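This report walks through one chain, from its helical stretches to its cores and its ligand shell. Please look over the sequence and the structure first.

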Amino acid sequence: MMLITAPVFATFPQLLLRRDRSPPSLRHESTHRRKIGRFRTVSAASSLLPHKASELKSLSKRFWKVAKPFWFSDDKDQARLRLAAVFALTLATTGISVGFNFLGRDFYNALANKDQEQFTKQLFYYLCAFAGGIPFFVLRDYAKETLSLRWRSWMTKYYLQRYLKDQSFYKIQSQSMIDNPDQRIVDDLSSFTGTALSFSLTLFSATIDLISFSNILFTIYPPLFLVLLLYSFGGTAISVFLGKGLVNLNFLQEKKEADFRYSLVRVRENAESIAFYGGEQNEMQLLLQRFRSAFDNLTELLIASRNLEFFTDGYRYLIQILPAAVVAPMFFSGKIEFGVINQSVSAFNHILGDFSLVVYQFQAISAFSAVIDRLGEFDDLLDNNIFRDPSHTLEEIELTYQSAGRSSLLDSNGSIQSRQNEKLLEIEKLTLQTPTNGTTLVHNLSVDIYDKDHLLIMGPSGSGKTSLLRAMAGLWRSGKGKITFYINSQDAITQEKYDSQENSKKRSSGDILFLPQRPYMVLGTLRQQLLYPAWSTTMEATPAGSKRDGSKPLDDGTDKSNKPTTDDLMRTLENVRLGHIVDRFGGLDSLHEWASVLSLGEQQRLAFARLLLSEPKLALLDESTSALDEANEAHLYQQIKSAGITYISIGHRQTLTKFHEKILHISTADPKSMERNWRMEDTNAKDSLYGTLKQQEEVQSESRSKPD
Ligand SMILES: Nc1ncnc2c1ncn2[C@@H]1O[C@H](COP(=O)(O)OP(=O)(O)OP(=O)(O)O)[C@@H](O)[C@H]1O
């Protein structure tokens with residue numbers, strides 16, 4: 001009876017230490033990873049428990065590369081101090097556990113000897129030890145969790161900065177470089193910081209444990225130590241063997257879950273299009289198919305987990321009787337006291353836990369190695385400029401931003417400028433190719449754009465008009481030639497950071513503004529739509545359609561220069577004929593899903609309002625009035641023209657020609673020919689078709705304006 005109850009009672013202090021070696025976050029991570037799952041690559045799967053030492057080395061190298069920056073950052077002093085505190089608390093909890101081990105021995109000895117006085121004393125000591133010791137366990141966990149949060153928050157900012165720098169997010173997405181970067185930033189970073197800390201502490205406490213308890217176990221009975229070694233190494237080998245398949249299934253589960261979630265997000269984002277098409281049945285089948293795939297894999301995963309758990313649970317429970325069974329003969333022969341049995345069970349448990357990390361944490365280790373792999377891959381991608389296609393590394397389009405003062409008096413063709421206006425853009429011998437398959441879209445293009453030299457780019461669909469803007473924006477670099485922007489504003493130049501690698505100034509949002517083909521509405525208020533992207537504000541959430549309570553928008557302090565006032569915003573909205581939407585949607589500071597509540601034409605007008613507010617030197621407009629009627633189109637062009645903005649537009653409509661000085665006609669490139677596939681037309685030249693049309697129109701409007 002005593003033999004049965006004693007170890008059960010004695011395990012209570014051990015429960016505290018078990019939390020130590022299997023911390024809540026780690027256990028949670030393990031379950032979370034198994035049940036919910038995230039995308040995992042097969043290459044990541046292969047990195048678990050690597051067959052070759054080199055794989056383990058590269059995994060640890062990746063781990064260090066991802067983990068290191070925080071500990072050497074601006075926050076390093078706080079971070080290291082907190083880490084030292086967590087380690088000190090962990091050390092304290094191990095010491096407390098050793099104390100519990102000795103208390104347990106004396107407690108059971110008193111019980112076995114029927115020494116009531118000693119028993120009461122020991123019981124009192126035990127209770128005092130609990131009261132004094134438990135706070136250390138709680139504080140250790142709290143300190144660890146807060147440090148992990150601090151680390152995560154730093155890493156999130158660090159990764160976000162690099163993700164949004166140099167259009168990396170665009171390159172990753174448009175060239176399908178890695179899957180789900182969003183999940184890597186949200187989930188993988190969270191689990192990396194939590195698990196890395198937990199594992200470090202687990203390893204640390206396991207080492208301390210091993211030293212403290214090995215001594216105890218050795219003193220009791222050396223053969224027990226040998227049994228322990230055989231048991232733990234055998235157990236590790238068997239669990240690795242049984243769990244092999246599980247790792248791959250885990251990775252697949254992550255991918256399938258991510259695919260299912262992504263298809264649901266797409267339904268949400270494209271709700272109107274799907275509803276118009278009446279594509280519900282189709283979507284339903286696609287969603288169910290993806291879910292079924294995740295479900296089937298999960299079923300296999302559960303079976304594999306069950307098989308592994310048959311072993312691990314047995315392994316765990318056998319520990320309860322194994323040490324007692326080994327030392328019992330010594331007790332029967334009177335060589336040891338009863339309390340020593342309990343002490344050996346406790347010490348055995350501790351050391352076995354240290355030796356059996358792989359058995360206990362198999363799921364967590366497999367998930368963690370995948371997280372390291374995913375973050376390492378992401379980190380390499382963001383660190384090194386490896387976005388370029390290897391086939392295009394030798395030559396690429398050179399994009400530079402120079403001050404207007406540096407604008408040469410020579411034209412790109414070498415002749416002296418006959419123009420008085422300053423040069424804003426120079427394209428020299430540009431050959432543009434698609435980044436993925438290297439198809440040439442534009443051959444040998446040379447164009448100079450001067451102030452007020454409005455250019456219209458026309459050509460058949462798919463000929464490469466938008467791609468030309470992509471090259472100007474630095475999104476595409478495939479091809480050869482040179483694009484130079486001449487920035488006028490001195491402020492803009494001083495705001496720029498010099499990029500020594502690229503030997504060029506980066507684009508100043510103040511001088512050039514691109515309006516993409518699809519209007520982009522940011523998540524936020526109407527005010528934020530208008531201030532985007534030149535001024536950034538962080539708003540408190542306001543329920544859709546409701547008015548804010550008069551409180552001012554929270555400014556993040558990034559850009560306060562020349563920020564438009566509410567009056568400016570209202571006036572600009574009137575200028576683009578959108579004044580009415582302010583009242584309709586409850587003011588400038590109301591929140592709506594703007595892409596859904598505004599018509600496409602209204603969104604395009606809003607984009608023009610942004611243009612008028614930020615007043616760039618040069619605007620690049622990609623079919624930015626395609627959804628508007630001719631009257632509104634003419635009105636908007638009139639507005640930006642009188643605001644002094646020089647613009648390059650892409651468009652199909654003939655009506656656009658009258659707002660431009662030049663037309664660049666691009667034809668679909670012939671892959672076999674090296675001939676140039678573009679021609680320039682001056683809309684003011686008398687011999688040009690558009691020149692004649694323009695003149696006719698001017699004459700007509702003049703005669704209309706004359707009184708009869
Ligand atoms: N990421 C990409 N990788 C490879 N090819 C691409 C990529 N994006 C676009 N293309 C191809 O490049 C060509 C030019 O595309 P672009 O969008 O520049 O055409 P466009 O002249 O603006 O057409 P539209 O008038 O229809 O908007 C198209 O054939 C398109 O399929």
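Residues 196-218 are 100% helix and 0% strand, and their end C-alpha atoms lie 32 Å apart. This is a predicted model. The unreviewed UniProt entry gives residues 196-218 as one of its stretches labelled "transmembrane region"; the others are 83-103, 123-143 and 224-247. Two of these stretches are set out below.

| Residues | Helix | Strand | Distance between end C-alpha atoms |
|---|---|---|---|
| 123-143 | 100% | 0% | 30 Å |
| 196-218 | 100% | 0% | 32 Å |

Leucine 246 falls within the annotated range 224-247. In the model, leucine 246 is part of helix 9, which covers residues 222-269. Is leucine 246 buried or exposed? It is buried, because 22 other C-beta atoms lie within 10 Å, and 20 or more are enough for that class. Which residues does leucine 246 touch, leaving aside neighbours within four places in sequence? Its contacts are Leu301, Ala304, Ser305 and Leu308. Glutamate 300 is 54 residues away from leucine 246 along the chain, yet their C-alpha atoms are separated by 8.8 Å.

The whole chain comes next. It holds 24 helices and 14 strands. Of its 708 residues, 37% are buried. Take the contacts between residues at least 6 apart in sequence: 77% of them join residues at least 24 apart.

Now the cores. The largest nonpolar core has 67 residues. Val442, Ile457, Ala609, Leu611, Ala619, Leu620 and Ile640 have the most contacts inside this core. Helix 22, residues 600-614, gives the most to the core: seven residues. Leucine 611 sits within the span of that helix. With neighbours within four places in sequence left aside, leucine 611 is in contact with Leu513, Leu515, Ala619, Ile640 and Ile645. Ala619 and Ile640 are also among the residues with the most contacts inside the core. A separate core lies apart from this one and has 27 residues, including Val66, Met155, Phe368 and Ala370.

Last, the ligand. Its surroundings comprise 14 residues, of which Thr434, Ser461, Lys465, Thr466 and Ser467 come nearest. Which helix gives the most to the shell around the ligand? That is helix 16, residues 465-472, with three residues. How is the shell made up by class? It has 11 polar residues, two nonpolar and one charged.

Key. Residues are numbered from 1 along each chain as its sequence is written. This is a predicted model: local features need pLDDT of at least 70, side-chain atom pairs count only at pLDDT 80 or more; totals for chains, interfaces and linings use all residues. A nonpolar core is a set of buried Ala, Val, Leu, Ile, Met, Phe, Trp, Tyr and Cys residues joined through C-beta atoms within 7 Å. A residue is buried if 20 or more other C-beta atoms lie within 10 Å of its own, exposed if 12 or fewer, and partly exposed in between; C-beta atoms are placed from the backbone. Helices (H or I, at least four residues) and strands (E, at least two) are DSSP runs, numbered from the N terminus. Two residues are in contact if their C-beta atoms, placed from the backbone, lie within 7 Å. A residue is near a molecule or strand if its C-beta atom, placed from the backbone, lies within 6 Å of it. Ala, Val, Leu, Ile, Met, Phe, Trp, Tyr, Cys and Pro count as nonpolar, Asp, Glu, Lys and Arg as charged, and the others, Gly among them, as polar. UniProt positions are given in the numbering used here, feature names are shortened, and annotations may be inferred rather than shown by experiment.
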